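This report describes the fold statistics, side-chain contacts and backbone features of a single chain. The sequence and structure are shown first.

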Amino acid sequence: MITQNTKNTTKYADLWYNGAYLAIIPITYFLIRLMEHMKRGPKSLQIAFTGENLTHFGGLHLLQRFIQKLNLRYLFSHYIRFPQRNNRYTIAEEILALLYPIILGLGRIEASHLLKHNGVFQYLTGLPAYPNPTTLRRFLLRMAPLALGKSRKLYDKLLLIMVQKPSLPKKVIFDLDSTVLVLYGRQEFARVGYNPIKRGRPSYHPLLCFNGITKDFWHGELRPGDTHTSTGILELLEASFSKLPLSAKAVIIRADKGFYDHKTIEYLESKKALFAIVAKVTKPVKAKLSSLSYKRYTSGTESSEFAYQPKGWGKEYRFIVIRRPIPEEPSEQLSLFSIGRHSYQVIATNLKLNPLNVWKFYNGRASVELIIKELKEDYPD
């Protein structure tokens, strides 16, 4: 789960719903192999893919079967407990009542009233009734300061179980990234910062860590929108390493230039971790690029490497360089840094692979951006 660096308050309610693609959805993202079933909801239902008698929420049956496989109702009721004033709904039912509209693409709590009077929805989910938006909002206000810590512990417990299936992992890849969550309203800790989506709007700027092998969400740190990318990286890494199973003997880090910092690399070395981190092209680095000897491949890509100790760093490190010809209509990524007719990418690394393979290995991180986009925007699609 995403954690916060400051004290929890009741204003977390807006974060839990508006930022739920990063805070709630990951619970259901990777637990498909838990096999216990819930007692409620239809046990026998025929599904037909025809154009007759369509219902808007008919596909919910498959989602409900998924939730039954996860046994989410039991897990929520067993691990997330706090005093309830409303005895009509259990804590597990109210959490699920928040989870369903998020997955169905209802972007605001108020829109969940569409489910309250939908008989197909209630039949498929097995909920005895559906809370109104006011009840859900009050539940979030009570839940936020009382249950966030418990939810994180439940998530971490499930993460540890699933990362060891089908066998104990010997290697883990951490893919690090940050993203911008645009906000509408007056959420706590919202700040105006770098926001390429809606310039001038307040936002959050969370740090995220994913398992690069299984693509599971691993850990995150919530930060105000005006926070620099490098702020809180060591805390993120420390929390991520603390969740490693004992069987994991090798850890490899992949990250973009926002994570390029000597303190980060020194910390990784203290953990005996391997890394491939995009370097910032400073003037000294740029001066080296034109004097290097490059190896050319049939694809037109060229590679080289050099040893370099940036100013303020304790020692020199290995830097690999990838050079590619710029096409007539360069993409945004290729045109980020270029000299003459070539685009360049520089990666600081302690991997023993040859330069081209370091670059190919780093490119495996690209899937993280797609996962973040799915969790933020496209999950209901």
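Is Lys 272 buried or exposed? Lys 272 counts as exposed, because its relative accessibility is 75%, above the 50% cut-off for that class. The model under discussion is a predicted one.

**The chain overall**

The secondary structure of the chain comes to 13 helices and 14 strands. The chain has 381 residues, of which 51% count as buried. Its exposed area is about 19,700 Å², and carbon and sulfur atoms supply 52% of that area. Among contacts between residues at least 6 apart in sequence, 66% join residues at least 24 apart.

**Helix 9 and its surroundings**

Leu 236 belongs to helix 9, which spans residues 233-242. Leu 236 counts as buried because its relative accessibility is 0%, and the cut-off for that class is under 20%. With neighbours within four places in sequence left aside, the contacts of Leu 236 are Leu 176, Leu 207, Leu 208, Cys 209, His 219, Gly 220 and Glu 221. One of these, Leu 176, is 60 residues from Leu 236 in sequence, while the C-alpha atoms of the two lie 9.3 Å apart.

Ser 240 is also placed in helix 9. Ser 240 is buried, with a relative accessible area of 0%. A polar atom of the Ser 240 side chain lies 2.8 Å from the backbone oxygen of Leu 236. Neighbours within four places in sequence again left aside, Ser 240 is in contact with Phe 174, Cys 209, Trp 218 and His 219. Cys 209 and His 219 thus appear in the contact lists of both Leu 236 and Ser 240.

**Asp 175 and Arg 254**

Asp 175 lies in strand 2, residues 171-178. Asp 175 has 0% relative accessibility and therefore counts as buried. Its side chain and that of Arg 254 are joined by a polar contact of 2.7 Å. Residues up to four places away in sequence not counted, Asp 175 touches Leu 208, Cys 209, Phe 210, Gly 212, Arg 254, Arg 365 and Val 368.

Arg 254 also takes part in a contact with an aromatic ring: its charged end sits over the ring of Phe 361, 4.7 Å from the ring centre. A further case of this kind involves Arg 323, whose charged end sits over the ring of Tyr 294 at 4.0 Å from the centre.

**Aromatic pairs**

A search of the whole structure finds 15 aromatic pairs. Among them, Phe 241 and Tyr 267 form an edge-to-face pair, with 6.1 Å from centre to centre and 75° between the planes. This pair links distant parts of the chain, since Phe 241 is in helix 9 and Tyr 267 is in helix 10 (residues 262-270), 26 residues apart. Phe 241 counts as buried because its relative accessibility is 12%; Tyr 267, at 17%, likewise counts as buried. Phe 174, Trp 218, Phe 241 and Tyr 267 form one aromatic cluster. Two members of this cluster, Phe 174 and Trp 218, are also contacts of Ser 240.

**An open sheet**

An open sheet of 3 strands has the order 3-5-4, and its pairing is antiparallel. Strand 3 (181-182) and strand 4 (191-192) stand at the edges, each with a single partner strand, so one side of each has no neighbour in the sheet. Strand 4 pairs with strand 5 (residues 202-204) in the antiparallel sense over 2 bridges. The bridge partner of Val 192 in strand 5 is Pro 202.

**Backbone features in loops**

A cis peptide bond joins Lys 165 and Pro 166, with omega of about 5°. Pro 166 is found in the loop between helix 8 (133-163) and strand 2. Two lysines with positive phi are set out below.

| Residue | Phi | Loop | Relative accessibility |
|---|---|---|---|
| Lys 215 | about 70° | between strand 6 (207-211) and strand 7 (217-222) | 25% |
| Lys 272 | about 55° | between helix 10 and strand 9 (274-278) | 75% |

Neither Lys 215 nor Lys 272 is a glycine. At 25% relative accessibility, Lys 215 counts as partly exposed, whereas Lys 272 counts as exposed.

How values were computed:
Residues are numbered from 1 along each chain as its sequence is written. This is a predicted model: local features need pLDDT of at least 70, side-chain atom pairs count only at pLDDT 80 or more; totals for chains, interfaces and linings use all residues. Side-chain values use heavy atoms; hydrogens and water are left out. Helices (H or I, at least four residues) and strands (E, at least two) are DSSP runs, numbered from the N terminus. Buried means under 20% relative accessible area, exposed over 50%, partly exposed in between (1.4 Å probe, protein chains only). Contact means heavy atoms within 4.5 Å. Accessible areas come from the Shrake-Rupley method with a 1.4 Å probe; for residues, only the protein chains shown count as cover. A polar contact is a pair of N or O atoms within 3.5 Å; within protein, one must be able to donate a hydrogen and the other to accept it, and residues adjacent in sequence count only if both atoms are side-chain atoms. Two strands pair if DSSP finds at least two bridges between them. Rings of Phe, Tyr and Trp (its six-membered ring) pair if their centres lie within 6.5 Å; planes under 30 degrees apart count as stacked, over 60 as edge-to-face and the rest as tilted. A charge sits over a ring if NZ of Lys or CZ of Arg is within 6 Å of the ring centre and within 35 degrees of the ring normal.
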